[in-house]
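Here are some comments for a colleague who is beginning to read protein structures. Please keep the sequence and the model open beside the text, and look up each residue as it is mentioned.

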Amino acid sequence: MPQRLQVGDVLQLEVCKQAEILGDEQSLTRPITSVTIMDTVRMDRWVHADELLTIGDFWESTITPDYLKRLARKNIAGILTKQKYRRYLNDTIRALCDHYHLPIIVNPNHYSWSETIAPISQAILRCHLTELDTAEHFHRTLTESLVQEKTFANLCAALHHISEQPMAIMNRDWRLTDFSPGVDWKTLLADFRARDLTNHQILGYSRAQEPAFGSSWTPPHSHGAQPHPRILFFPVKAADEVVAQLLVLSDTEGSELSGARIAQLETVAATYVLRRQLYREFQKKHLHYRRMILDELLDSGPETEASRTEYGIALGLHLEERYRLMLVRSQRTSSLREFMDMVRLEGLEDFLVAQESCFRQIPVFTRRRYWVLLLGESFEQNPALRETLLHAMRAYYTDDSLLAGVSDPHPFSSLSTAYREAHQALTFLRTNRNGHCLQAYAGLGVLKLLTDDRGAVNRLFLDEMQQRHIQPLLDWDRDHHSELLLTLQTFLARNRSYAETSHALFIHVNTLRARLKRIESLLGLDLNATAHLLNISLALEMHQTALVSDHQKRREPTS
C-alpha cells in the first residue's frame, strides 16, 4: 500500500538536501498532507493534523514552550524554518520537540520560502495522485472480484486478495459473519465481549481530514506468550443505524489508520450496506420462490431421483431421500404481517451453523405463519438436535414462545404427509400446553385417535378413563402408602412378565401377584381380558401424557 509523503522523503528533495534536521528516527516517519505558512499568532487554533508548518519571524514574538505544546497536540507533521532562526531553538524547545517526536527542518537561508515550499507541495500532490490511482484501482479490483465470484459473501477475502490486509466483519449481534484467511479470528475473538470495547475514539482521518470514529479491544494473552495485536472496530452505518462492525488489526498501541486505509474501510462499509439492501430485496423474492417450491412439494412431490435433484438445484442444497418435517410457530405473532416482519431469514442460517455444523444443510421455508424445516439423517442419529435447533431459533429471534411439532420420517415424495403430522403435533401442543416446547408426532401415541384437526382432545372421555381406571389406584396408594399404579405400569411395560416385573420392582413374585389381584378388584377388570387390557393401557398412556383435567389433577396425591 503506498504511503503518504513523510518528513524523511522531504529531506531527499534537492531543495532540502543541505537542511539540518532536528528530530529522532520516529519523527522522520510523520506523514505530510500539506504545507502551511504561519501568518497569524492564532495558528495554533487553525492548523490541522499532518500539516508541515512554515515558521519565520514568529519564532521571536510568538513561539513559546506552551505554544509549541499546543502545536504538537494538534499532531502537526513538523516545522520548516531557516538557519537565521536557529538561535531561537534553545534547549527547552528542542527537548519539547524530542518529547513529542516533532521534527524541525532548518533549511539554508539562500533558499526563498517559495523555492522551498513549491517542490514540497509538488511531492505532496504526486502522492495524492498516487493515492487516488490506488483508490480507483482498489474500487475497480474489489468490484471485479465480487463480480467474478458472483457473490457479496466474501468481502473480507476479496479485500485480503487485493491489499493483503486482514479483516473480519461482525453483525449487529456481535457475531462473526465474514473474515479473511491468514488470521485465526475465531480464536482471537474467543474472549471478546462487547462491553469490553473502549469508548468512541478516533481511528484515523480521511483524506478530507474528517475524523473516523470507532472502538478498539486488545485480546488477553497468557503469561509469557506473544501479545495479540489490538483490534480496531470500524462501525458500518445504514440510515444512521450501526448494522455491522469492520475489524482490522493494529500492531501499535495508539497508532492511527492512514487516510488510504480509512478510504478502503469506507468502501468496504458502503459495499456491505449495498449487499445488505440487495440481500433483503432478494430475500423477499427468495422467500416467495421457496414458498412456491414448498407448495409444489406439498401438492404432489417429486416422484423420481431426477426430480428430487432438480429441486435440490433450485434450492441450492443436496436433498436427502428421507426427512422429518419440523413446523415452528411463534405464540406472539397474531397476524401474517407481524410474522413477515419477524422472519428476518438473513443471518438465521449463519447463526444456526455457528451452533451446530450439521445445521448447514437444513432446507428452511416459510408458509403462512410457520417456519418449515426439513430434518435429515443427522437428526435421526441424534434426536436431541431437534431441541437444540428449536432453542437456537428461540435465541436468534429472542422469542421464548416458539413451539415446534415434528413429524415421523418420510420419503421426500411424501412431504405432504409429514406436514400434516407436524401440524397435528404442533396444534396438539398449542392446545394442550404441558410444559414442553416441542412435540413429536410419534409421541402422541394413541392420543392421535382422540385429537381433532385443531388439536383438541375429547376431555369428557379422558376424564372418564381417568376416573374409572386411574383414580382408584391413586386413592389407594395415597391412603395405604402403596405402589399399585407403579406396579401396573411396570407390569404392562414388561409385557405382563411376572419374573421381569418382580425383578424391576425388587419384590417377590407372590407379592406381585397379590398386588395385581388388588388392582383387578379395585378396577373391576381382568388383566387377562383383551378388551380390559386395551382400556387400561389407553388410560395409562393418557395419564402419562398429563392430559387429565385440572380438577382430576388436584385429586392426585402430592409427594
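1. Glu380 is a convenient place to begin: in this predicted model, Glu380 has a relative accessibility of 31% and therefore counts as partly exposed, because that class lies between the buried limit of under 20% and the exposed limit of over 50%. The side chain of Glu380 meets that of Arg324 in a salt bridge, with 2.6 Å from N to O. Arg324, in contrast to its partner, is buried, with a relative accessible area of 12%. Glu380 belongs to helix α13 (residues 377–381) and Arg324 to strand β12 (residues 322–329), and the pair links distant parts of the chain, 56 residues apart.

2. For the wider setting, the protein has 559 residues, of which 46% count as buried, and it contains 21 helices and 17 strands. When contacts between residues at least 6 apart in sequence are considered, 65% of them join residues at least 24 apart.

3. How many salt bridges does the structure hold? The total is 9, and it helps to recall that side chains of opposite charge can pair when their charged atoms come close. One further example joins Arg86 and Glu20, whose closest N and O atoms are 2.9 Å apart; Arg86 lies in the loop between β4 and α5 (91–99), whereas Glu20 lies in strand β1 (residues 20–22), 66 residues away along the chain. Arg86, with a relative accessible area of 23%, is partly exposed, and Glu20, with 27%, is partly exposed as well.

4. Another salt bridge is formed by Arg172 and Glu241, with 2.7 Å between the closest N and O atoms. Arg172 sits in the loop between β6 and β7 and Glu241 in strand β11 (residues 241–250), so this pair ties together parts that are 69 residues apart in sequence. Arg172 is partly exposed at 39%, and Glu241 is partly exposed at 37% relative accessibility. Elsewhere, Asp475, Arg478 and Asp479 are linked in a network of salt bridges.

5. Lys82, in strand β4 (residues 78–82), deserves a careful look. Which side chain of opposite charge is nearest to Lys82, and how far away is it? The answer is Glu115, at 7.3 Å, and Lys82 is buried yet has no salt bridge. A polar atom of the Lys82 side chain does lie 3.0 Å from the backbone oxygen of Tyr111, and Lys82 lies over the face of Trp113, at 4.6 Å from the ring centre. Beyond its neighbours within four places in sequence, the contacts of Lys82 include Val106, Asn107, Pro108 and Ser112. A charge over a ring is also found where the charged end of Arg367 sits 5.0 Å from the centre of the Tyr419 ring.

6. Finally, the aromatic rings: the count comes to 9 pairs. In one of them, the ring centres of Trp174 and Phe192 are 5.8 Å apart and the planes are at 50 degrees, so the pair is tilted. Trp174 lies in the loop between β6 (167–171) and β7 (176–179) and Phe192 in the loop between α8 (185–188) and β8 (201–205), so the pair ties together parts 18 residues apart in sequence. Phe192 is buried at 8% relative accessibility, and its ring also pairs with that of Trp217, with centres 5.3 Å apart and planes at 75 degrees, so this pair is edge-to-face. Trp174, Phe192, Trp217 and Phe233 form one aromatic cluster.

Methods
Residues numbered from 1 in each chain as written. Predicted model: local features only at pLDDT ≥ 70, side-chain atom pairs only at ≥ 80, totals over all residues. Heavy atoms only, no water. Helix = DSSP H or I, 4+ residues; strand = E, 2+ residues; numbered from the N terminus. Buried < 20%, exposed > 50% of the residue type's maximum accessible area, 1.4 Å probe, protein only. Lys, Arg positive; Asp, Glu negative; His and termini not counted. Salt bridge = Lys/Arg side-chain N within 4 Å of Asp/Glu carboxyl O. Polar contact = N/O pair within 3.5 Å; in protein donor to acceptor, adjacent residues only side chain to side chain. Contact = heavy atoms within 4.5 Å. Phe/Tyr/Trp six-rings, centres within 6.5 Å; stacked < 30°, edge-to-face > 60°. Lys NZ or Arg CZ within 6 Å of the ring centre and 35° of its normal.
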